[in-house]
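Good morning, and thank you for making time for this item. I would like to take you through one structure, beginning with its interior and then turning to its pockets and a few individual residues.

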Amino acid sequence: MVTSATATERSGQRRTGRSGPAGRPDRAARDRAAWFLVLPALIPILILSVGPLLYGIALSFTDAQSGRTRSTQWIGALNFQDLLHDTLFWDSFRIGLLWAVGVTVPQFLLALGLALLLNQKLRLLWLARALAIIPWAMPEVVVGIMWRLVYNPDAGILNETIRDLGLGDGRDWLTGFATALPAVIVVGIWAGMPQTTVALLAGLQNTPHELHEAAALDGAGAWRRFRTVTWPAIKPVALSITALNFIWNFNSFALVYVLTSGGPGGRTRLPMLFAYEEAFRYGQFGYAAAMGCVMVALISVILALYLVGRLRGGEDR
């Protein structure tokens with residue numbers, strides 16, 4: 001009996017290819033092989049993302065400045081204490097939130113409508129889809145220069161149209177205190193809408209047509225089909241692209257810099273512009289790094305609350 005049991009156990013060990021202690025080296029070898037396969041993708045992330053992030057965090061606890069002859073000193077949380085009382089920074093953060101929300105929400109709604117339209121069987125659909133993504137293919141600097149020409153107070157197409165329609169003499173959109181931020185938001189919506197449209201269109205095309213046909217046979221109208229069939233299918237895509245757009249828009253720099261450089265009077269000075277000026281105009285590298293850390297932390301909290309709320313809302317329904 002003992003011999004038979006031992007033989008059975010050895011046979012099972014041969015089938016599995018390992019025995020208790022002997023299996024550990026096999027698992028370790030597989031883990032090493034897995035890490036070896038991941039390294040080509042992990043190394044660039046560590047070098048280009050994690051490394052600069054850790055360096056920026058360390059820099060925020062120093063008094064690093066440009067053009068200094070003495071060595072940089074460790075000052076602890078002094079930069080963060082100064083930030084708490086820096087009203088200019090918190091004003092820029094408020095403007096950044098207004099900008100991010102003001103661009104992200106209309107951008108999503110307009111992109112959703114455009115994606116629904118481009119998902120229909122229309123004539124010359126290929127041409128319409130190609131034209132819809134043209135703004136996405138343009139560099140932000142080019143977009144900024146083009147829209148500065150549109151907003152030009154003397155010869156811009158916007159003011160010329162207003163004059164031709166007899167609605168007034170137009171105005172200087174990018175230098176007016178009341179119009180600068182709305183004018184820049186319009187540009188942000190126009191420039192970022194194509195990528196949202198493409199993402200939502202991909203989600204719409206993955207929705208089974210049988211579900212729409214079944215809902216139509218049950219007498220469901222267009223709105224009910226959208227609410228019960230289309231929206232549940234594209235909701236994960238919508239949640240992801242909205243969160244990404246919020247991050248991208250809050251971290252915008254080039255577009256607003258070309259359009260207004262943060263003016264007039266700081267009305268369009270986004271947090272990234274404020275940090276850029278502190279670092280490269282005034283040479284306060286440590287203070288600018290502290291701004292970056294605070295912005296990353298606050299936006300992470302806001303984004304986490306948004307995602308948790310959306311996910312919980314989905315579970316309740």
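Let us begin with the largest nonpolar core, bearing in mind that this is a predicted model. This core has 35 residues, and the members that touch the most others are Trp99 and Met291. Seen by element, at least two residues each are supplied by helix H4 (87-118), helix H7 (140-150), helix H9 (180-205), helix H11 (222-250), helix H12 (254-259), helix H13 (271-281) and helix H14 (285-316). The greatest contribution is that of H9, which gives 7 residues. Apart from this core lies another one, of 14 residues, including Ala111, Ala115, Ala132 and Leu201. As general background, nonpolar side chains in soluble globular proteins tend to be buried together.

Which residues does tryptophan 99 touch, if we set aside those up to four places away in sequence? They are Val184, Ile185, Gly188, Asn249, Phe250, Ser252, Leu255, Val256 and Leu270.

The last residue in that list, leucine 270, deserves a closer look. Leucine 270 is located in the loop between H12 and H13. Is leucine 270 buried or exposed? Its relative accessible area is 1%, and because buried means under 20%, leucine 270 counts as buried. Beyond its neighbours within four places in sequence, leucine 270 is in contact with Ser92, Ile95, Gly96, Trp99, Ser252 and Val256. Leucine 270 and phenylalanine 253 stand 17 residues apart in sequence, while their C-alpha atoms are 7.7 Å apart in space.

Immediately after that loop residue we come to H13. The buried residues in H13 are Pro271, Leu273, Phe274, Ala275, Glu277, Glu278 and Ala279. After H13 comes glycine 283, which has a positive phi, near 75°.

I turn next to threonine 104, a residue of helix H4. With a relative accessibility of 5%, threonine 104 is classed as buried. What does its side chain meet at 2.9 Å? The side chain of asparagine 249 joins that of threonine 104 in a polar contact of this length. Threonine 104 also touches Thr242, Asn245 and Phe246, again leaving out residues up to four places away in sequence. Asparagine 249 is thus a shared partner in this account: it is touched by tryptophan 99, and it is touched by threonine 104.

Now to the pockets. The largest pocket has a volume of about 470 Å³. It is lined by 15 residues, and those closest to its centre are Leu116, Asn119, Gln120, His212 and Thr230. H9, helix H10 (209-217) and H11 each supply at least two residues of this lining, with the largest share, 5 residues, coming from H11. What is the character of the lining of the largest pocket, in nonpolar, polar and charged residues? The lining divides into 5 nonpolar, 7 polar and 3 charged residues.

The second largest pocket has a volume of about 400 Å³. Here 18 residues form the lining, and Leu53, Met272, Gly292, Cys293 and Val296 are the closest to the centre. Helix H2 (20-59), H11, H13 and H14 each provide at least two residues of the lining of the second largest pocket. H14 gives the most, with 9 residues. By class, the lining of this second pocket holds 14 nonpolar and 4 polar residues, and no charged ones.

One further loop residue is aspartate 172, found between helix H8 (157-164) and H9. At 31% relative accessibility, aspartate 172 is partly exposed. The side chains of aspartate 172 and threonine 175 are joined by a polar contact of 2.7 Å. Apart from neighbours within four places in sequence, aspartate 172 is in contact with Pro153 and Thr179. Glycine 156 lies 16 residues from aspartate 172 along the chain, and 9.7 Å separates their C-alpha atoms.

Finally, the chain as a whole. How many helices and strands are there in the protein chain? There are 14 helices and 0 strands. The chain has 317 residues, of which 34% count as buried. Among contacts between residues at least 6 apart in sequence, 66% join residues at least 24 apart.

That concludes the presentation, and I welcome your questions.

Methods:
Residues are numbered from 1 along each chain as its sequence is written. This is a predicted model: local features need pLDDT of at least 70, side-chain atom pairs count only at pLDDT 80 or more; totals for chains, interfaces and linings use all residues. Side-chain values use heavy atoms; hydrogens and water are left out. A nonpolar core is a set of buried Ala, Val, Leu, Ile, Met, Phe, Trp, Tyr and Cys residues joined through side-chain atoms within 4.5 Å. Buried means under 20% relative accessible area, exposed over 50%, partly exposed in between (1.4 Å probe, protein chains only). Helices (H or I, at least four residues) and strands (E, at least two) are DSSP runs, numbered from the N terminus. Contact means heavy atoms within 4.5 Å. On a 1 Å grid over the protein atoms alone, a cavity is a set of points where a 1.4 Å probe fits but cannot get out, and a pocket is an open set with protein on both sides within 12 Å along at least five of seven lines; lining residues have an atom within 4 Å of a point. Grid points are joined across faces, edges and corners, and a volume is the space filled by probe spheres set on the points. Ala, Val, Leu, Ile, Met, Phe, Trp, Tyr, Cys and Pro count as nonpolar, Asp, Glu, Lys and Arg as charged, and the others, Gly among them, as polar. A polar contact is a pair of N or O atoms within 3.5 Å; within protein, one must be able to donate a hydrogen and the other to accept it, and residues adjacent in sequence count only if both atoms are side-chain atoms.
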